[in-house]
Every structure is written in C-alpha cells, then in structure tokens.
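Got the viewer open? Let's take a walk through this one, stop by stop.

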Amino acid sequence: MTTTSAVRTDQQIQRDVLAELDWDAQTRATEVGVTVARGVVTLTGQVDSYARRWAVERCAHRVRGVRAVASDLAVDLPAADRRTDADIAIAASRALEWDSFVPAERLDVTVADGWIMLRGEVEFGFQRRTAERELRRLRGVRGVTNLVEVRPPTPPSDEQKRIDLRRLLLRRTGTERIDARVDGDTVVLDGVVSAWWQREDAERAAWALPGVREVHVAIVVSG
C-alpha cells in the first residue's frame, strides 16, 4: 500500500531537483531548466560535457517521488575540450583496457563526431554498464550509444533468476517489500522502501544477475 508520505506534488519535486543540482559538485544548477508534470521531470538547457549531462540526470533520478526523467540537455563542448575522433577512440580503448572488470578484448569502439558507438558481448550486465561509465567520463565525448549484448555462457531460467534475486534483495536491503519480476534479459523492480540506499542496492543487485541487459526500477522511497 502506498503511504501518504510517498505522494508528492510536482512543485515539491521540482524544488528538490533544483536543490539536488545545487548541492552536487558535479552539476551547475544555473545551466539547467527543470519542469515536472505528474512526477516526470524534464531537463532542458546546455552543459559543457557528456559527463556533466549524466550527472544532472542522476541528480534528478535521486529525488524522492520522481517517476521518470526526460533529458533534453544539449552538450556543447568548450574549445579546450574538443578532441579528434581518433584521439577519443584511442582514449576509449585505453580506458576499457585499464578497467579490470571490463573484457576489453570483446568490445569494439567506433567514434563519429565525438559520439562513441560501443559494440560487443559480455557475460554480465554490470560489465556493460561499467564500460559505458568509463567512456562517458572521457574529455571530448558528446555521447555514448551502448549496443553491447549480455550473453552468459549458460543462462539460468527466469524463475531461477527471480529466486536468486529475491534472496539477494533480502540480504542487501533487509526488506521483503521489493517485488522482482524477470522476463528474459529484463528485470522489473517494484515496491516501497524506507530509504534511498535500499532502492540503489536493489538496482545494483538486479544488474549482478547473469544475462541481465535492462533493469527498470519503479520502487518508491516513502521515508
């Protein structure tokens, strides 16, 4: 049952998103426009890097009551941060090679006009996400399209993945109020928790399952 404290007005959510942007050292609140309609946050404006755009989007997702985030943020790189596609490709390849959790030998990088296209195969969803995280931090990157496939050597059944995930969620969050549904390579998390860290831990747990490519989080933080 949804508690009264979980229901928030669009004005409250807008105020808190702006406060979160102002608090986070990686973002600049004055660069971003924030509007909210029925819990859906729309971000507009212009930022100076893809990494900053991602940080702004994460700030919005962290706010209690946000149902979804639509990002219309444009990335306009300053002259000092612009790099050739060849330079970005070299830097991207090295970044992947230096991360011990990323199977760089199974990934391919293509760069066009500052936009990175990432392809290949990995065994776990967290490897796919880690590779993208490494690339979006690079200077000169305007965006990343992640087309990496998640293919475990012996994929477990959906029911086995659901059972394993339920046990993992209980161990990590200490609550049975999170519902997990598994459909092939997609996990949907629903329910109500009392703290943001429980929501984030539940998402991380879902990404740790073999073969997971997408995780949709609809967990409400009521505390």
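**Start with the whole chain**

Show the protein chain as a cartoon and you should find 6 helices and 10 strands. The radius of gyration is 19 Å, close to the 17 Å that the globule rule gives for 223 residues, so the chain is as compact as a globular protein of that length. Keep in mind as you click around that this is a predicted model.

Now turn the protein chain along its principal axes: its C-alpha atoms fill a box of roughly 55 × 50 × 25 Å. Take contacts between residues at least 6 apart in sequence, and 64% of them join residues at least 24 apart.

Next, switch on the surface. The protein chain exposes about 12,100 Å², with carbon and sulfur atoms supplying 48% of that area. As for what is tucked away, buried residues make up 43% of the 223 residues.

Colour by charge while you're here. There are 34 positive and 35 negative side chains in the protein chain, and the centres of the two sets lie 3 Å apart.

**Next stop: Asp-24**

Select Asp-24, in the loop between helix 1 (10-23) and strand 1 (32-37). Is Asp-24 buried or exposed? Asp-24 has a relative accessible area of 11%, and the cut-off for buried is under 20%, so Asp-24 is buried.

Now show side chains around Asp-24. Leaving aside neighbours within four places in sequence, Asp-24 is in contact with Cys-59 and Arg-62. Zoom in on the second of these: a polar contact of 2.8 Å joins the side chains of Asp-24 and Arg-62.

**Two loops with an unusual backbone angle**

Before the last two selections, a bit of background: most residues other than glycine have a negative phi.

Follow the chain on to Arg-38, in the loop between strand 1 and strand 2 (40-47). Arg-38 is not a glycine, yet its phi is positive, at about 55 degrees. What about its surroundings? Arg-38 is exposed, with a relative accessible area of 73%.

Finally, select Asp-113, which sits in the loop between strand 4 (107-112) and strand 5 (115-122). Which sign does phi of Asp-113 have, positive or negative? Phi is positive here, near 55 degrees, in a residue other than glycine. Turn the surface back on at this point: Asp-113 counts as exposed, at 61% relative accessibility.

Terms used:
Residues are numbered from 1 along each chain as its sequence is written. This is a predicted model: local features need pLDDT of at least 70, side-chain atom pairs count only at pLDDT 80 or more; totals for chains, interfaces and linings use all residues. Side-chain values use heavy atoms; hydrogens and water are left out. Helices (H or I, at least four residues) and strands (E, at least two) are DSSP runs, numbered from the N terminus. The radius of gyration is taken over C-alpha atoms; the globule rule is 2.2 Å times the number of residues to the power 0.38. Buried means under 20% relative accessible area, exposed over 50%, partly exposed in between (1.4 Å probe, protein chains only). Contact means heavy atoms within 4.5 Å. Accessible areas come from the Shrake-Rupley method with a 1.4 Å probe; for residues, only the protein chains shown count as cover. Lys and Arg count as positive and Asp and Glu as negative; His and the chain ends are not counted. The place of a charge is taken as NZ of Lys, CZ of Arg, CG of Asp or CD of Glu. A polar contact is a pair of N or O atoms within 3.5 Å; within protein, one must be able to donate a hydrogen and the other to accept it, and residues adjacent in sequence count only if both atoms are side-chain atoms.
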